[in-house]
Amino acid sequence: MSTTLMLGVLAGAILSGTSLLYATLGETIVERSGLVNLGLEGILLIGASVGFSVTAVTGNAWLGLGAAAAAGCLANLLFGWLVVTRKANQLASGLALMFFGFGVSALVGAPHVGAVIVGLPKWRPAWLGAQSWVQATTLFNYDLLTWLAIPAALLVWWCLFRTRWGLGVRAVGESPGAAFASGRNPAALQFQALSAGGLLGGLAGAHLSLSLTLTWAEYMTAGRGFIAIALVIFSKWNPLRAVAGALLFGGAEALQLQLQARGSLISPFLLDMTPYLLTLLVLLAWGGARRLAAPASLGRTFYGSD
Amino acid sequence: MAESRLAARKDAPALRVVLRYAAICAVALALFAAVLLVAGKDPLKAYADTFRSTLSSAYGLSELLVRMTPLLLTAVAVALPSRLGLINVGGEGQLYMGAWLATAGVLLFPAWPRWLLLPFAALLGFLGGALWAAIPGVLRAARLVNETIATLLLNYVAPLIISYSIFGPWRAEGSSAYPQSPAFPEAAQLPTFFDTRIHAGFLLALVALLAYWLLLEKTRWGVDMRAIGGNPEAAQRLGIPVATWVVVALAIGGGFAGLAGMGEVMGVHGRLRQSLSPGFGFTGFLISWLAGGRPLGILFMAFLLAIITSAGDTLQITQGLPYAVVNILLALILFLVLARQPLRGGAK
């Protein structure tokens, strides 16, 4: 592999891995509180379309980013109302949220299809930009979300494993009854986890439309939400491992784009399959160990302690 | 006297179920109308247009049956594995693979006589969906990958195989902007009825539903399946081959979804296209879930959701909205049903 190809793949891996990482971090927090949200795909779509539309209307990508985060948060609270307050089935509620995201994103984005926007500003630190080999690539030329991706993973890890709040969230995920008995409020903690997860999911979606593609198209997330859910399993519900997972998948996507750009003989449609097949492979290889690492009460409904 | 009281008691819940769904639909329609109003559209006109294009004419009703065909089949594709507690969200991909393999058969043997080609292609359609669904089935039976996530992921792979084929080896000459396969020969077109677009696939769908009911209620297999759905470990100890059942149930379900795809290419389009399905597989999942997997419920819900998804077409044609917006209405119905569920995990 030539150096430029490798640098191109690396630069692309970081850029397209960013949104996967935020989505994975969000789902990790949610699943640590014992909830499975299969509607992540819908959250990403809502984030992408709200972020793009607000940016197209106001001309300010930061406003778009904020709106996307808020919309993701609201959508997850809707999920919370169903599965925490109404104690509805989590898988079905997640799929309902996915449909909701399909529809809402199409409605919000429709007037802005084909709009030209100025996305999130990208920059490269001055001392790095001076190097000639760096200038030849898109490496290190990133937007704020990408620069903050690894700090965000560290922050989520710290919140989950080094704070009282995180202990509470994990306690609810392991055993809501025990958490309740020790004076915690499982419902409140789950709603807080969902808010944080929705916020990160909204950001993840917005990064796609505001930095990666600079367009809005229906269903543009193309299953990234489900890939992120698989990454949570792969990373064993650990935010730091999620970084490696996101890079791996970002890399697969970037490699495929680079090959296409270089006029590879392999059909682009076959190359497009790699992320999904890779996800299945990863689940195959790591799926067996999940029962040890998963929060013990993941996916179970807590009916209160009586 | 006692008999009539019993009958009355039996009737009351059925009536209540219908009323309950009617109320849920009314609330969902009202909420969706509010959404359309906010978007600056005219909901009353949209609903009136939908009614006019579906229920008010013989042609509209016939188009509903055309639309119900893939919905019924993909709903059975979900319902059958759901008896075992399996969640098949891959109807969309299975539909595509059924269409793909049926097309392969037609394009390989275009000169075959009709009496041979039609059953052969239908069989291939079934097989395409069945093999595609067997992948998550095997992964699940070996306790390697959860079938929900595997079926979801494969939904994204199947349309790429279609695209690869019609952009490549199966591309019809002269189809540059929207590539598609060559038109099928006359012998590969499913028969249609009464000068409408209702095709033989609709009969197949009814047969599939009937077969599902028979399997469930009248055979020893149905008992086995329910045993696995109730408690897989106990079923295993009773000597029921649970792993085999997992693969078989998903494969047969996928086969029905494959038949839906076969029906679309051989009954509706007459060729393989990229835009085969506006999410029939997902809607089929909703139908089965809303009906609780009950055969009559599936028939009723398929009819209802055929009307509702027609609203998507109406929105697209008369109000300039994307078809996907109708997903909001589907989601609202689901939300209301989910929120109304009894608080203690349903009937035990």
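Student: Which residues of H8(A) are buried?

Tutor: A residue is called buried if 20 or more other C-beta atoms, placed from the backbone, lie within 10 Å of its own, exposed if 12 or fewer do, and partly exposed in between. In H8(A), the buried residues are Ala149(A), Ala153(A), Val156(A) and Leu160(A). Seen down the axis of H8(A), these buried residues fall within an arc of 65 degrees (taken from the directions from the helix axis to the C-beta atoms), so they line one face of the helix. On the other side of H8(A), Pro151(A), Trp158(A) and Arg162(A) are exposed.

Student: How should I read the names and the reliability of what I see?

Tutor: This is a predicted model, in which local features need pLDDT of at least 70 and side-chain atom pairs count only at pLDDT 80 or more, whereas totals for chains, interfaces and linings use all residues. Residues are numbered from 1 along each chain as its sequence is written, while chains are lettered from A and ligands numbered from 1 in the order in which they are written. The pLDDT is the predictor's confidence in each residue, from 0 to 100; chain A averages 86, and 92% of its residues score at least 70. Among the elements of chain A, helix H2 (residues 40–58) has the highest mean pLDDT, at 94, and helix H16 (residues 290–293) the lowest, at 62.

Student: What covers the buried residues of H8(A)?

Tutor: Helices (H or I, at least four residues) and strands (E, at least two) are DSSP runs numbered from the N terminus, and two residues are in contact if their C-beta atoms, placed from the backbone, lie within 7 Å. The cover over the buried residues of H8(A) includes helix H1 (3–32), helix H7 (144–147), helix H9 (164–174) and helix H13 (239–261) of chain A.

Student: How many residues of H12(A) are buried?

Tutor: In H12(A), 11 of the 11 residues are buried, so this helix is largely enclosed by the rest of the structure. Among them are Arg224(A), Phe226(A) and Phe234(A).

Student: Where does Lys236(A) lie, and what is its phi?

Tutor: Most residues other than glycine have a negative phi. Lys236(A) is not a glycine, yet its phi is positive, at about 50 degrees; the residue sits in the loop between H12 and H13 of chain A, and it counts as partly exposed because it has 16 C-beta neighbours inside 10 Å. Leu214(A) also has a positive phi, near 55 degrees, and its place is in the loop between helix H11 (186–212) and H12 of chain A. With 17 C-beta neighbours inside 10 Å, Leu214(A) counts as partly exposed.

Student: How many residues does each chain bring to the contact?

Tutor: Chain A brings 39 residues and chain B brings 36. On the side of chain A that touches chain B, helix H4 (90–109), helix H12 (224–234), helix H14 (268–272) and helix H15 (274–286) each supply at least two residues, and H4(A) gives the most, with 12.

Student: How many helices and strands are there in chain B?

Tutor: Chain B has 13 helices and zero strands. Its radius of gyration (taken over C-alpha atoms) is 21 Å, close to the 20 Å that the globule rule gives for 348 residues, so chain B is as compact as a globular protein of that length; the rule is 2.2 Å times the number of residues to the power 0.38. Along its principal axes, the C-alpha trace of chain B spans about 70 × 60 × 40 Å, and 47% of the 348 residues of chain B count as buried.
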